[in-house]
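Got your viewer open and a selection box ready? Load the model and follow along, one stop after another.

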Amino acid sequence: MRNSGVSSDGFTFPLVIKACTSVGDSKLCKAIHGHVLVSGYQFNLHVGNDLIHGYGKMGLMDDAITVFDKMSHRNHVSWNTMFSGFAHNFDCDGAVKMFRLMERDGLEPHLLTWTSFISVHKRCGLHGRVIELFRDMRGKMNCSTGEVIAVVLSSCAELDKFQMAKEIHGYVISGGFQDYMFVQNSLISVYGKNGNVEEARNLFMEIKIKNLVSWNALISSFADAGFSDEAHKTFSQLVNIHDGKLRPNVVSFSAVIGGFAAKRKENECFAVFREMLHFKVHPNSVTIACLLSLCAEVVALDLGKEIHGYSVRALMDKNILVGNSLVNMYTKCGAVMDACSVFDHMDNRDLISWNSMIAGYGMHGLANEALATFREMVKLGSKPDVVTFVAVLSACSHAGLVTEGRKLFDQMSSEFMITPDMEHYSCIVDLLGRAGLLQEANELTDKMTFEPDECVWGALLNACRIHKNTEMAELIKSRLNLESEMTGTYMCLSNIYASHGRWEDSAKVRVAAKTRGLKKIPGQSRIEVKKKSYIFSSGNSFQSGLDKVYEILVDLCPRMEAEGYVPDKSFVLQDVGDEEKKEILNGHSEKLAIAFGHANIPPNFPIRVTKNLRVCGDCHNWTKIFTKVTEREVIVRDGRRFHHFKDGLCSCGDYW
């Protein structure tokens, strides 16, 4: 057209600007803008509005504002387009300034203006403000749009304001919005997030023509409420729809994977992941992070490495969410050096990255590395939060770094303006107690501005057990409310009495716990062999045909005793004979798991075991001697930390 000598006008330019916007070519859009200026159409209302829209869509809000400011005449479309641009670019401050400017100019916001203005707050995560603005809009306009209702319902779900969501549901019916599909989908989500899955299902069934968002909303409702099997059943129904249009997407698969992951059903979780790849649906960073989180919880290192490999091939390993999940997975699976490698190669780090690495070092007893990482974090300008201090104080506790721990505890409030909460007090009490400073730890509980919880009392009682201080335990008992639901404190107190042969006192505490309906958590150890999990409970190796485990332990006995292993019967907290005590010790779950691993894992691979409770002193000593006798490496993750056993030594230095 230009080569033919035909001039552009107020109808031509908007069409070309829209084309530039559609293909996202900002350079070409600016060139067209230049032609607009040369041709004198910069004051044309339609041209100006389309330029604002184009610049906003391409993230060039400064250019959009410049066009808006120079317009000689604006209509509601101009203002609404600006608000849409701010919403698209998550610029809440810009939207607020524009709204105030609009009010100052005496222009009443239209429904579309309110819709865009409320949407930008939702996109910025300001859910409370969304609800306030909705009330303002209703007060001034006495009406709404379906889009706004969907946005507000979503914010209600995020804020757990279910009662308000129900009120809005009533407004949906009275206002005639019940046939708006995006409103129906939002209602399904808000009822599902509240755990009211039956109502979510009923709303889903009322939709005459369901789209993929409807199906995903119902699947997510079941998954979020903990009904992973129902989520998968609904997902399967979606898969079996053969109309060529409705096919599960990454949201569908991720919801089911997340539901199974929350229930720690790793086999089902990875089966859905393989199905996802079969459908040629590409996982996103959320899917990968969910899978890695599951690998971390069930200590599935081999599967975690496979997911890591996939993320590299899919060019997702540089994603910060995936990177953080890899650090978490490797540290919780006992491969702290692999976690360190991932951390060192991250292009960007956020607070979660630093916290994960500090916590990872702490779990493995590498307190100096944790402190060095904390100092580097502060030096580079990242501000620590409450989680950071829990991680670094816990690291000091695991290594007995009392001076450093005290200093950090003081720095929390004096330098970083963070008020210590229950977890921080629990860490510092544990640190002091383990170091034998029981009196100082007890005095610290007196200075707390709130009532100590089970974790604080448990840390102090555990210190009494370690240092065999029955007098302090009796003092703590007098301060405890034994009408509480603190299962751990009951058990710890009972064990302290038992270790001193006070069987009657121990029995009284256990009876009190039983009367309260509290049950002792049985010791369990988990080991993965050839991508299959095996769980051992104390005193029970006869599960799934694993009856040969005791034979392995018996065969090891002479060699273990030759290297100096003597069963420490003080860790049997039952009033029975010596021979029965030996039998009980031999049946501890981690010993069963290690023996099974010794028989089924090649010698050049470490034996990795996860235990739900703290490893006892006898098992700790037994495992050290086991690694010396068998020349194997054993990595145990107990309820508190990691123990790396090799050549008769443990990484904890016998301080745990």
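Start by selecting Arg 526 together with Ile 535: the two stand opposite each other, with Ile 535 in β2. Keep in mind as you click that this is a predicted model. Now add Thr 610 in β3, which also stands opposite Arg 526. That puts you on strand β1, with a partner strand on either side to look at.

**Strand β1 and its partners**

Select residues 524-529 to get the whole of β1. How many of its residues are buried? The count is 5 of the 6, so the strand is largely enclosed by the rest of the structure. With β2, strand β1 runs antiparallel, and 6 bridges join the two. Where they connect, β1 and β2 make a hairpin with 2 residues between the strands, and Lys 530 in that hairpin has a positive phi near 55 degrees. With β3, strand β1 again pairs in the antiparallel sense, this time over 3 bridges.

**The whole sheet**

Widen the selection to every strand. There are 6 of them in an open sheet, and reading across, the order is β2-β1-β3-β4-β5-β6, with mixed pairing. Which strands sit at the edges? They are β2 (532-537) and β6 (649-650), each pairing on one side only. Next, show helix α34, residues 617-630, which packs on the sheet and touches β3 (607-611), β4, β5 and β6. If you draw axes, the direction of α34 makes about 35 degrees with that of β5.

A quick reminder while the backbone is on display: strands of a sheet pair through backbone hydrogen bonds, either parallel or antiparallel. You can find both senses here by moving on to β4.

**Strand β4, from both sides**

Go back to Thr 610 and look across to β4, where Arg 637 stands opposite. Strands β3 and β4 run parallel, joined by 4 bridges. On the other flank, β4 (residues 634-637) pairs with β5 (residues 642-646) in the antiparallel sense, over 4 bridges. Pick Val 636 and you will see His 643 of β5 opposite.

Turn on side chains for β4. Which residues point which way? Val 634 and Val 636 go to one side, Ile 635 and Arg 637 to the other, and all of them are buried. Note that this includes Arg 637, a residue you met a moment ago facing Thr 610.

**The loop after β4**

Step on to Asp 638, in the loop between β4 and β5. Buried or exposed? Its relative accessible area is 5%, under the 20% cut-off, so Asp 638 counts as buried. To see what surrounds it, select its contacts beyond four places in sequence: Lys 611, Leu 613, Arg 614, Val 615, His 643 and Trp 656. Put a distance label between the C-alpha atoms of Asp 638 and Arg 614 and it should read 5.2 Å, although the two are 24 residues apart along the chain.

**Two backbone oddities**

Try Asp 654 next, in the segment after β6. Its phi is positive, about 65 degrees, although Asp 654 is not a glycine. Asp 654 is partly exposed, with a relative accessible area of 43%.

Then jump to Lys 280, in the loop between α16 (266-278) and α17 (285-298). Here too phi is positive, at about 60 degrees, in a residue that is not a glycine. Lys 280 has 69% relative accessibility and counts as exposed.

**Up to the first helix**

Select residues 12-23, helix α1, and highlight Thr 21 within it. What does Thr 21 touch? Not counting residues up to four places away in sequence, the list is His 53, Gly 54, Lys 57 and Met 58. Thr 21 has 14% relative accessibility and counts as buried.

**Zoom out**

Finish with the whole chain in view:

- The secondary structure comes to 34 helices and 6 strands.
- Along the principal axes, the C-alpha atoms fill a box of roughly 105 × 55 × 50 Å.
- Of the 656 residues, 49% count as buried.
- Contacts between residues at least 6 apart in sequence join residues at least 24 apart in 62% of cases.
- The chain exposes about 31,600 Å², with carbon and sulfur atoms supplying 52% of that area.
- Colour by charge and you get 73 positive and 76 negative side chains, the centres of the two sets lying 3 Å apart.

How values were computed
Residues numbered from 1 in each chain as written. Predicted model: local features only at pLDDT ≥ 70, side-chain atom pairs only at ≥ 80, totals over all residues. Heavy atoms only, no water. Pairing = 2+ DSSP bridges. Contact = heavy atoms within 4.5 Å. Axes fitted to C-alpha atoms, helices over the stretch in contact; angles between N-to-C directions. Buried < 20%, exposed > 50% of the residue type's maximum accessible area, 1.4 Å probe, protein only. Areas by Shrake-Rupley, 256 points an atom, 1.4 Å probe, with all protein chains shown as cover. Lys, Arg positive; Asp, Glu negative; His and termini not counted. Charge placed at Lys NZ, Arg CZ, Asp CG, Glu CD.
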